[in-house]
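Reader: I'm used to gels and assays, not models. Can you walk me through reading a ligand site?

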Amino acid sequence: MVKKIAIFISGRGSNMESLLKKSLSDNLPVQFIVVSDNPKANGLKIAENIGVKTIVLENCSDGWKLTDENSEKIEQIIKEHNISLVLLAGFMRIIPKQLIEKFPSTFVNIHPSLLPSFKGKNAQRDAFEYGVKISGCTVHFVDSGVDTGPIIMQKGVDISSCINIEEAKNEILKAEHELYYEALKLLLSSKYTIIGRRVIFGF
Ligand code: GRF
């Protein structure tokens, strides 16, 4: 059965592009829509060129918060399109607790560090400046905290020979593109249960 998946973006959309293209080329039984809080997001053009339906959340205010109106709009999109997974890919808004509780194990995020290290929006810079040799990326369920939800998959990236932050970011981004698609396939193909903080596959 074809699963309906929403990818939420705010900007560049490289993770979204990688998910769309890899799924298409593997004929994954999925249908995507792309949702953006930013009408100028570059990812919107990419999605449209690939032929994927896009939706823009109207009248987003500045900052991390979604308005009640947009929160209701997201709920409506999930119900109307029968969405089984929402993949956040550079979506710069916090998903309200009520939405997460209404749709458990639905919101998934990718973060460019090995969580729980280096949460927040400057993860790659923080890891590079800290001097870690191995950083990486994490795909996790979204909970009401920031970058704190149960971990689905992680991939380490050796940044020890990166000479600047840009190089470290690029190495991590390449890994993100691989990891997010692997995590999507795993979520689609395997049953799982969450015990405490642990996501256990194969149930
Ligand atoms: C990625 O590094 C992702 O991990 C983070 O935001 C960035 C989005 O990049 N959450 P892109 O829009 O997917 O290119």
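Author: Sure, let's start with one polar contact, meaning a pair of N or O atoms within 3.5 Å. Here, a backbone N or O atom of Gly 13 lies 2.8 Å from an oxygen atom of the ligand. Mind that this is a predicted model, where local features need pLDDT of at least 70, side-chain atom pairs count only at pLDDT 80 or more, and totals for chains, interfaces and linings use all residues. Residues are numbered from 1 along each chain as its sequence is written, and side-chain values use heavy atoms, with hydrogens and water left out.

Reader: Which polar side-chain atom lies 2.5 Å from an oxygen atom of the ligand?

Author: That one belongs to Arg 12. A polar backbone atom of Asn 15 is 2.9 Å from a ligand oxygen.

Reader: Which residues surround the ligand?

Author: A residue counts as near if one of its heavy atoms lies within 4 Å. Around this ligand you'll find Arg 12, Gly 13, Ser 14, Asn 15, Gly 90, Ile 110, Pro 112, Gln 124 and Glu 176.

Reader: Where does the ligand lie relative to domain 1 and domain 2?

Author: Domain bounds come from an automatic or database domain assignment. Domain 1 (1-103) and domain 2 (110-203) each give residues to the shell, so the ligand lies between them. The C-alpha centres of the two domains are 19 Å apart. Their contact (heavy atoms within 4.5 Å) takes 21 residues from domain 1 and 16 residues from domain 2.

Definitions and conventions: Polar contact = N/O pair within 3.5 Å; in protein donor to acceptor, adjacent residues only side chain to side chain.
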